[in-house]
Amino acid sequence: MRVLGLDVGEKRIGIAISDELGITSRGLMVLERKGFNEDVKKVVEIAEKNCVDKIVIGLPVNMNGTYGKGVENVKKFGEKLKSIYNAQVIYWDERLTTVAAQKVLIDADISRKKRKGVIDKLAAVLILQSFLDYLHNIDSNGKLL
């Protein structure tokens, strides 16, 4: 089982991928946004190349649990992906993943300029790893262990 993780932003898309067992997540790349259809096509190419079964997309839910414009844009992206690539698309609450990624990079003493190039990829890693950890902590009835 290969899973692709996406942090879909306005300017960039952070992309992460799982190992073949679906246990760990690693950063793959940051895709600079060019246009909606071109971006979807590029993600599909990456998914096909890596034989991806599932695509987990971070959903930018507000801290109070409400949905804003960002959620609408992400869902539009996910629906387009589903329409042209045969994989399960899962939306995953990404609250605070960018903040956590920023903290990791600051703690690692990465310069502000270098952080800009990797923060979206690290956020995608955190989104995907959170999903993978969840999968490994539920039983066959869907209950949390």
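Does cysteine 51 count as buried or exposed, and what is its relative accessibility? At 56% relative accessibility, cysteine 51 lands in the exposed group, because anything over 50% counts as exposed. Keep in mind as you look around that this is a predicted model.

## The overall layout

Let's start with the whole chain. There are 145 residues in it, and 39% of them are buried. You'll find four helices and five strands, and starting from the N terminus they come in the order β-β-β-α-β-α-β-α-α.

How do the contacts spread along the sequence? Take the contacts with a separation of 6 or more: 61% of them are between residues 24 or more positions apart.

## The E2–E3 hairpin

Next, the strands E2 and E3. They pair up in the antiparallel sense, with seven bridges between them. One spot to look for is isoleucine 15, which stands opposite methionine 29 in E3.

Six residues sit between the two strands of this hairpin, and there glycine 22 takes a positive phi, near 70 degrees.

## Helix H1 and its two faces

Helix H1 covers residues 36-49, which makes 14 residues. From first C-alpha to last, H1 reaches 20 Å, close to the 20 Å expected at 1.5 Å a residue. Its buried residues are Asp39, Val40, Val43, Val44, Ile46 and Ala47. These residues take up an arc of only 160 degrees around the axis, so they end up on the same side of H1.

And what do they pack against? The partners are strand E1 (3-8), strand E2 (12-18), strand E3 (25-32) and helix H2 (69-84). Turn to the face of H1 that points away from the buried side and you'll meet the exposed residues Asn37, Lys41 and Lys49.

## Just after H1

Now back to cysteine 51, which follows H1. You can find this residue in the loop between H1 and E4. Its phi is near 50 degrees, a positive value in a residue that isn't glycine.

A little further along comes lysine 54, which belongs to strand E4 (residues 54-59). Lysine 54 is buried but has no salt bridge. The nearest side chain of opposite charge belongs to aspartate 53, and it is 6.4 Å away. So who does lysine 54 touch, if you leave aside its neighbours within four places in sequence? Its contacts are Met1, Arg2, Val3, Leu4, Ala87, Gln88, Ile90 and Phe131.

## Helix H2 and what covers it

Helix H2 has 16 residues, which should span 22 Å at 1.5 Å a residue. The C-alpha atoms at its ends are 24 Å apart, which agrees with that. The buried residues here are Val71, Val74, Phe77, Gly78 and Leu81. Look down the axis of H2 and these residues fall within an arc of 130 degrees, so they line one face of the helix.

Among the elements covering the buried residues of H2 are E1, E2, H1, E4 and strand E5 (88-93). On the face of H2 turned away from the buried side, the exposed residues are Lys69, Glu72, Lys76 and Ser83. The link with H1 can be picked up from either helix: H2 is one of the elements that the buried residues of H1 pack against, and H1 is among those covering the buried residues of H2.

Definitions and conventions. Residues are numbered from 1 along each chain as its sequence is written. This is a predicted model: local features need pLDDT of at least 70, side-chain atom pairs count only at pLDDT 80 or more; totals for chains, interfaces and linings use all residues. Side-chain values use heavy atoms; hydrogens and water are left out. The expected span of a helix is 1.5 Å times one less than its number of residues. Buried means under 20% relative accessible area, exposed over 50%, partly exposed in between (1.4 Å probe, protein chains only). The arc is that of the directions from the helix axis to the C-beta atoms. Contact means heavy atoms within 4.5 Å. Lys and Arg count as positive and Asp and Glu as negative; His and the chain ends are not counted. A salt bridge is a side-chain nitrogen of Lys or Arg within 4 Å of a carboxyl oxygen of Asp or Glu. Two strands pair if DSSP finds at least two bridges between them.
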